[in-house]
Amino acid sequence: MRAVWIIPQARARNVERLGRYHRTLEPGISFVIPFVDRVKPSLDLREQVVSFKAQPVITEDNVVVHIDTVLFFQVTDPRAADYEIVNYIKAIEQLTATTLRNVIGTLDLEATLTSRDRINTALRGVLDDASGKWGIRVTRVEIKAIEPPPSIKDAMEKQMRAEREKRAAILTAEGARASKILTAEGEKQSTILRAEGARQAAILEAEGQSVAIDRVFNTIHEADPDPKLLAYQYLQTLPKLAEGQGSTFWVIPSEVTTALQAVSQAFGGSLDDAKSALQKAARQSDGEPQELDQGDGPYELGRGNRQKAEH
């Protein structure tokens with residue numbers, strides 16, 4: 001009985017005149033003929049979202065999974081949405097379930113869990129083509145949840161745990177290997193550095209001894225000591241030879257004869273006097289009587305034994 005209709009924004013109403021589709025009322029004010037025109041229920045032209053309940057789907061490897069889907073769509077043609085399909089929401093839900101079974105049937109469980117973008121793209125293409133004649137445009141399809149059976153979940157958890165333990169063992173082994181390599185490299189460098197240090201120390205010590213010997217040699221030759229001083233140095237050195245516990249005899253070079261002669265001449269004595277003094281020094285150092293034997297070669301102070309030292 002109303003003749004004036006006010007249509008809100010993003011809404012639309014179809015008008016039937018004498019039982020046939022006449023026109024679609026646009027947002028704003030519209031006038032109809034009472035008792036002749038019949039205004040049908042309002043259609044929402046905004047984008048809508050529908051969540052469908054979980055659908056049981058069998059994968060290619062015969063695993064039953066339950067998949068929840070969310071559909072985004074928009075009515076683009078109010079006339080087709082009102083006259084081409086009785087209930088477009090129910091039709092979209094059934095079409096989604098059918099398409100989902102077709103897509104998932106070509107994938108195994110692992111691909112199903114990791115290929116959501118592929119499934120969404122396939123669903124949106126099929127639904128958009130099928131719902132175009134209904135005046136509906138499917139804008140987006142999303143997989144909300146994929147629930148495999150409990151036994152499959154347990155197996156997946158065990159597999160994941162094993163993979164993590166494997167990665168942990170590999171990382172631990174790699175860490176130990178790297179540690180051993182670094183330790184070996186450090187020991188190698190340390191050994192090399194110690195060897196280099198010992199080598200440098202030996203070289204420096206040898207160079208120092210060489211310099212010292214050279215200086216002593218040059219100093220002695222520059223001083224030009226007389227035979228008296230050399231003989232005195234011989235006598236000063238002989239008692240030190242017997243200080244060791246294993247010293248049972250002394251080997252005296254033959255040049256000592258010359259030194260003894262020089263000493264005897266220097267102090268106004270004879271060679272026999274010098275020998276007596278040497279025997280006395282030997283007895284004091286060894287604690288036993290010693291004899292001085294003279295042979296053809298070097299002289300030896302021993303326990304009554306005469307030996308010839310060879311050079």
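This is a short walk through the structure above, from the whole chain down to a few charged residues and one patch on the surface.

Let us begin with the overall picture. The model is predicted, and the protein in it has 311 residues, of which 28% count as buried. Its secondary structure comes to eight helices and 12 strands. How do parts of the chain meet? Among contacts between residues at least 6 apart in sequence, 57% join residues at least 24 apart. The accessible surface of the protein comes to about 20800 Å², and carbon and sulfur atoms account for 53% of that area.

Now for the charged side chains. How many salt bridges does the structure hold? There are eight. One of them is between aspartate 44 and arginine 11, with N and O 3.6 Å apart. This pair links distant parts of the chain, since aspartate 44 sits in strand β6 (residues 43-44) and arginine 11 in strand β2 (residues 11-17), 33 residues apart. Arginine 11 has a relative accessible area of 23%, so it counts as partly exposed.

Strand β2 also offers glutamate 16, whose side chain meets that of lysine 40 in another salt bridge (3.7 Å, N to O). Here too distant parts of the chain come together: lysine 40 is in the loop between β5 and β6, 24 residues from glutamate 16 in strand β2. Are these two partners buried or exposed? Glutamate 16 is buried because its relative accessibility is 10%, and lysine 40 is buried because its relative accessible area is 14%. Both values fall under the 20% cut-off for buried residues.

Follow lysine 40 a little further and you reach aspartate 82. These two residues form a salt bridge as well, and their closest N and O atoms are 3.3 Å apart. Lysine 40 belongs to the loop between β5 and β6 and aspartate 82 to helix α1, so the bridge ties together parts of the chain that are 42 residues apart in sequence. Which residues belong to the network of salt bridges that share partners? Glu16, Arg38, Lys40 and Asp82 are joined into one network.

Aspartate 82 itself deserves a closer look. Its helix, α1, covers residues 78-83. Not counting residues up to four places away in sequence, aspartate 82 touches Asn14, Lys40 and Leu43. Glycine 135 is 53 residues away from aspartate 82 in sequence, yet their C-alpha atoms are 8.6 Å apart in space.

Aspartate 68 gives us another case to consider. You will find aspartate 68 in strand β8 (residues 64-75). What is the nearest side chain of opposite charge to this buried residue? It is lysine 144, at 4.9 Å, and aspartate 68 has no salt bridge. A salt bridge needs the nitrogen and oxygen to be within 4 Å, which is why a distance of 4.9 Å does not count. A polar atom of the aspartate 68 side chain does lie 2.9 Å from the backbone nitrogen of alanine 54. Beyond its neighbours within four places in sequence, aspartate 68 is in contact with several residues, including Phe52, Lys53, Glu142 and Ile143.

Finally, let us move to the surface. Met1, Leu18, Ile33, Phe35 and Val36 form a nonpolar patch there, with about 630 Å² of accessible area together. Valine 36 is placed in the loop between β4 (28-31) and β5 (37-39). Because its relative accessibility is 31%, valine 36 counts as partly exposed.

Technical notes. Residues are numbered from 1 along each chain as its sequence is written. This is a predicted model: local features need pLDDT of at least 70, side-chain atom pairs count only at pLDDT 80 or more; totals for chains, interfaces and linings use all residues. Side-chain values use heavy atoms; hydrogens and water are left out. Helices (H or I, at least four residues) and strands (E, at least two) are DSSP runs, numbered from the N terminus. Contact means heavy atoms within 4.5 Å. Buried means under 20% relative accessible area, exposed over 50%, partly exposed in between (1.4 Å probe, protein chains only). Lys and Arg count as positive and Asp and Glu as negative; His and the chain ends are not counted. A polar contact is a pair of N or O atoms within 3.5 Å; within protein, one must be able to donate a hydrogen and the other to accept it, and residues adjacent in sequence count only if both atoms are side-chain atoms. Patches are made of residues with over 30% relative accessible area and no salt bridge: like charges are joined within 9 Å, nonpolar side chains (Val, Leu, Ile, Met, Phe, Trp, Tyr) within 5 Å. Accessible areas come from the Shrake-Rupley method with a 1.4 Å probe; for residues, only the protein chains shown count as cover.
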